[in-house]
Amino acid sequence: MKVKKLFQKTLFGVFSLFGFIGLSTSILCVYTVDTHLSEEYVSNSQDIAKTIADASVDILLNRDLSTLQSLIDQFVEIQGIRYIYVTNEAGEYLAHTFVPGIPEEILAGDPSNTETVDRNLPGMGDFVEVGSPILAGVAGAVHVGMDTDLIALKIQRAIGQQVYLISIVFVVGVFAAIWLVNLAARPVGDVLAYAVAVARDAGGEGEEAVDPRHRRVLERDDEAGQLARLFLHCLRNGGPGEAPSGAPSGAAS
Amino acid sequence: MATGLAGLAAGRVLGASAARGAGVTDTEFVLGMSAAFSGPSRGLGIELYRGASAFFEHVNGRDGVGGRRVALKTYDDGYQPDPSVKNTMTLMLEDEVFLLFGYVGTPTVTRVLPMLKKFQDRGMYLFFPFTGAQPQRQPPYGDFAFNLRASYAQETAGLVDNFVRVGRRRIAVFYQADAYGRSGWAGVRAALGRHGERIAGEASYRRGTQFTASMRPQVEILKAAEPDAVVCIGAYAACAGFARDAVDLGLRVPIANLSFVGSENLLKLLAEGRDDPREYTDLLVNSQVVPSYEDVSIPAVREYRDLMERYDPEPPGELVQEAYTPFPQSFVSLEGFLNAKLLVEVLSRLEEPPTRRGLEQAVFSVKDFDLGIGERVSFGPERRQGLQQVYYTVVDEGRFVTLDDWQKRFAI
């Protein structure tokens, strides 16, 4: 006989608990990954902008613009970086990676501003643009545009992997819970089956006539066996009384 | 992929006499070349190679340089920086050539120069690269290269000065989005600055763009700037595409190109399939760093034409996979020819036994050397560029000829 209600309640409890853990962990993961990866990308872009800015000082003062262009051409090969432009202190665009030309949105901006800004460039996409001053700004500034679509894709991929892992843990956890609840409920079911069988024969041929399969529970040395023996004792004595040997004292009191 | 010239055998190179420096044996000087032999700019590498080969074959046929043949080990970089760096590593460290010669392009050479500094203990020099950019003309890498041709700064300054002189002050720039384009852009900017002007408009294209690609966006950007002239800093495929679309879209102003463009290839693309291509070529003006190969009054031009006809050098077969029909003569092959001629002169001045360390002294010993083009060549510690003159050419009767009168041709 199955202990359906107990099983269902326990299973529902476990399912709810795992669901809550999974959902809250996923939300936390999404938030953490999104925040950290975005910050990391912006931070990396700022590092790159600063590296170019530091290198540009020497190039602008001692060398030529083709060297500067060569430098930014190498950095723009880094995945995620879509454009770089370098301006001088007068706001003139000295080197850039735009083709066929510098977008109007950028030309309309303030090239000396090195704060991080979000940009939407028609035909190119959405970008996070970071800047770094050259020689504290007196020699110009370097601006680096990171492709937010690529950042979003990376974040989605990272989040997807985490959610995938959590989902696997959730499914495995539910199946494990079902198995464990089943394992725990089976002795209780045996006791119940024994009690029902004895009750059916009460006033008849006595409990010895009960199906031996159900009687096996009396041989168990766990709580189920004690409960069955207590039930038998009560039945024989017509009600609760002295606890039989091996029965839990609490159960007889 | 590499190929050799004039029967070069690697085994013979490796068997060099211990008394000689790397890359030179008792019978050979081995030079290393990385250039564009594939892709949209392959015409530049092929023609430069052919011009140099004509002179080397001539010299080799006459007992070489002091009894040593000149062999050229070539690699294809497709005019791309990374393969160029890789080829240079191979030439320096594995092939151990005597010197590097005839590299093509600014983005490639710009990336190779730091390697020469990194391995400066080997004493490797880059001779006569096919680029007029500044990095190999000034510190910190100027000491590792010797240039023959005039610089882009000189070419662009000449173009701008002449345009301004004939009343064309609003000058726009169409350029390759890389170090080469920026070098020319900077030259135009500086030249205009000297006239109190600024670049009127600018548009760029990606390196490797084919002639078939549309240049409409670039033309529209420049058209909006209403320029009096456009200076193009690019290779022939893209510049021909730009000239085509400019005419088609009504941008009827003089279009200038630098020597690097490869004038004959540019003209060929613009003329192909047209009964009368003058509409597309009449407003072209190309600066050159060598005189016109049509001017047979110049001794070196006569020699060049003679040797090109006699040897008709084949492009390096293993490297040239795409169809290419060489030109009997071209500005690029003439430059390669003059490069080879001066290099042979330098090699002949090396003391025995020849070593890389002796190259600088041999170059600096070249004073007032007559290369046969009128302008004399001199080198020294503060002078690492042999020629200074810039020539201007326009299309007349389907070929580039010397421009004599800017006023008459381009005045507003």
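Tutor: A polar contact here is a pair of N or O atoms within 3.5 Å; within protein, one has to be able to donate a hydrogen and the other to accept it, and residues adjacent in sequence count only if both atoms are side-chain atoms. Keep in mind that this is a predicted model.

Student: OK, so how many residue pairs are in polar contact across the interface of chain A and chain B?

Tutor: Both residues of a pair need pLDDT 80 or more to be counted. With that rule applied across the interface of chain A and chain B, the number of residue pairs is 8.

Student: And which residues meet in a salt bridge?

Tutor: The count between chain A and chain B is 1 salt bridge. The cut-off is 4 Å between a side-chain nitrogen of Lys or Arg and a carboxyl oxygen of Asp or Glu. The N to O distance here is 2.8 Å, so the pair qualifies under that cut-off. The two side chains belong to Glu92(A) and Arg189(B).

Student: Which element of chain A gives the largest share of the side that touches chain B?

Tutor: Two elements of chain A, helix 2 (65-75) and strand 2 (93-96), each supply at least two residues of that side. By class, the side has 8 nonpolar, 10 polar and 5 charged residues. The largest share is 7 residues, and the element they come from is helix 2 of chain A.

Student: Which three residues supply more of the area that chain A buries against chain B than any other three?

Tutor: The contact draws 23 residues from chain A and 26 residues from chain B. About 1,800 Å² is buried between the chains, with carbon and sulfur atoms giving 51% of that. On chain A's part, 30% comes from a trio: Arg63(A), Val99(A) and Pro100(A).

Student: Let's look inside chain A. Which are the edge strands of its open sheet?

Tutor: The sheet has 5 strands in the order 2-1-5-4-3, with antiparallel pairing. An edge strand pairs on one side only, and that picks out strand 2 and strand 3 (117-121) of chain A.

Student: What is the bridge partner of Thr87(A) in strand 2 of chain A?

Tutor: Strand 1 (residues 81-87) and strand 2 of chain A pair in the antiparallel sense over 3 bridges. Helix 2 of chain A packs on the sheet and touches both of these strands, its direction making about 40 degrees with that of strand 2. As for Thr87(A), its partner in strand 2 is Tyr93(A).

Student: Over in chain B, what is the bridge partner of Phe174(B) in strand 8?

Tutor: Chain B has an open sheet of 7 strands with mixed pairing, ordered 8-7-9-10-11-14-15. Strand 7 (residues 171-176) and strand 8 of chain B run parallel, joined by 4 bridges. In strand 8, Phe174(B) has as its partner Ala203(B).

Student: Any backbone oddities? Which residue has a positive phi although it is not a glycine?

Tutor: Most residues other than glycine have a negative phi, so a positive one is worth a look. The residue sits in the loop between strand 4 (125-134) and strand 5 (140-147) of chain A. Its phi is about 60 degrees, and its name is Ala136(A).

Student: What is omega for the cis peptide bond that joins Pro139(B) and Pro140(B)?

Tutor: Pro140(B) is in the loop between strand 5 (126-127) and strand 6 (145-146) of chain B. Another cis bond runs from Glu352(B) to Pro353(B), with omega near -10 degrees. For Pro139(B) and Pro140(B), omega is about 5 degrees.

Conventions: Residues numbered from 1 in each chain as written. Chains lettered and ligands numbered in written order. Predicted model: local features only at pLDDT ≥ 70, side-chain atom pairs only at ≥ 80, totals over all residues. Heavy atoms only, no water. Contact = heavy atoms within 4.5 Å. Buried area = accessible area lost by both parts, 1.4 Å probe. Nonpolar A, V, L, I, M, F, W, Y, C, P; charged D, E, K, R; others polar. Pairing = 2+ DSSP bridges. Axes fitted to C-alpha atoms, helices over the stretch in contact; angles between N-to-C directions.
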